[in-house]
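Let's take a walk through this fold together. Have a look at the sequence and the model first, and then we'll go from the overall picture down to single residues.

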Amino acid sequence: MPDRASRDPLTEHLIRSTAPAAAPSALPQRPGGTRSRAGNAMARTRAGLLDGALSAVCKHGVRRTTMHDIAALAGVAKATLYNHFRTKDDVWTALVESEVLAIAAECAELPLVEAFTQAALRLSEHPALHRVIETEPAARIAFAGEQRLA
């Protein structure tokens with residue numbers, strides 16, 4: 001049997017590439033703060049669900065809104081909604097957090113007095129907050145009590 005050194009160069013070329021060996025591939029390096037494609041899709045879906053929840057509160061109020069209403073107004077299946085939120089209370093918690101963070105972001109760069117004024121204006125004009133005050137007796141009483149104190 002012939003040894004490797006005595007093989008035909010053409011055969012050697014066909015069997016083994018003459019290109020330099022490539023370095024082993026490394027994992028992709030992403031700049032800090034970026035998300036993967038799936039993470040962006042999840043965030044977009046969650047934002048859509050919260051928009052649907054906001055619309056549902058404005059349309060039906062907190063108590064009469066169902067998970068079906070939220071999913072329908074968000075344009076997703078109920079299963080998708082349940083993948084993100086286990087209960088309606090979880091949806092409301094996330095919605096309040098989202099709305100507060102949005103108002104805080106708007107006011108972050110403003111001087112203190114202007115920030116408070118802007119936040120108060122946004123809250124006074126917020127359609128979901130108005131609907132909650134209209135449909136929830138406990139919220140109406142709490143709101144009225146705070147108005148008298150002010």
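Is His84 buried or exposed? His84 is buried, because its relative accessible area is 19%, and buried means under 20%, with exposed over 50% and partly exposed in between (1.4 Å probe, protein chains only). His84 sits in helix H4. Leaving aside neighbours within four places in sequence, His84 is in contact with Met42, Thr45, Arg46 and Leu49, where contact means heavy atoms within 4.5 Å.

A quick word on the ground rules. This is a predicted model, in which local features need pLDDT of at least 70 and side-chain atom pairs count only at pLDDT 80 or more, while totals for chains, interfaces and linings use all residues. Residues are numbered from 1 along each chain as its sequence is written, and side-chain values use heavy atoms, with hydrogens and water left out.

Now the overall layout. The secondary structure comes to 8 helices and 0 strands, so from the N terminus on you read α-α-α-α-α-α-α-α, given that helices (H or I, at least four residues) and strands (E, at least two) are DSSP runs, numbered from the N terminus. Buried residues make up 21% of the 150 residues in the protein. Among contacts between residues at least 6 apart in sequence, 49% join residues at least 24 apart.

Stay with helix H4 (residues 78-84) for a moment, since Asn83 has its place there too. Asn83 is exposed, with a relative accessible area of 67%. Asn83 and Arg46 are 37 residues apart in sequence, yet 9.8 Å apart in space, C-alpha to C-alpha.

Next, the largest nonpolar core. A nonpolar core is a set of buried Ala, Val, Leu, Ile, Met, Phe, Trp, Tyr and Cys residues joined through side-chain atoms within 4.5 Å. The largest one has 16 residues, and those touching the most other members are Ala53, Ile70, Leu81, Phe85, Val91, Trp92 and Leu95. H2, helix H3 (67-74) and H5 each give two or more residues to this core, and H2 gives the most, with 6 residues. For a closer view, pick Ile70: not counting residues up to four places away in sequence, Ile70 touches Leu49, Gly52, Ala53, Ala56, Thr65, Leu81, Val91 and Trp92.

What about empty space? Rolling a probe the size of a water molecule over the atoms shows where empty space is left. Here a pocket is found on a 1 Å grid over the protein atoms alone, as an open set of points where a 1.4 Å probe fits, with protein on both sides within 12 Å along at least five of seven lines; lining residues have an atom within 4 Å of a point. About 340 Å³ of space lies in the largest pocket, a volume being the space filled by probe spheres set on the points, which are joined across faces, edges and corners. The largest pocket is lined by 15 residues, and Leu95, Val96, Glu99, His126 and Leu129 are the closest to its centre. Helix H2 (37-60), helix H5 (88-107) and helix H7 (127-135) each give two or more residues to the lining, with the largest share, 7 residues, coming from H5. By class, the lining has 13 nonpolar, 1 polar and 1 charged residues (Ala, Val, Leu, Ile, Met, Phe, Trp, Tyr, Cys and Pro count as nonpolar, Asp, Glu, Lys and Arg as charged, and the others, Gly among them, as polar).

Glu99 deserves a stop of its own. Glu99 is in helix H5 and counts as buried because its relative accessibility is 19%. Leaving aside neighbours within four places in sequence, Glu99 is in contact with Leu54, Arg122 and His126. Glu99 and Leu123 are 24 residues apart in sequence and 9.6 Å apart in space, C-alpha to C-alpha. Leu123 lies in helix H6 (residues 112-125) and is partly exposed, at 44% relative accessible area. With the same neighbours-within-four exclusion, Leu123 is in contact with Ile103 and Leu129.

Over in the loop between H2 and H3 you'll find Arg63, which is exposed, with a relative accessible area of 62%. Not counting residues up to four places away in sequence, Arg63 touches Lys88 and Glu136.

Last, the cysteines. Cys58 is partly exposed at 28% relative accessibility, whereas Cys107 is buried at 8%. Taking a disulfide as a pair of cysteine sulfur atoms within 2.5 Å, the count comes to 0 disulfides.
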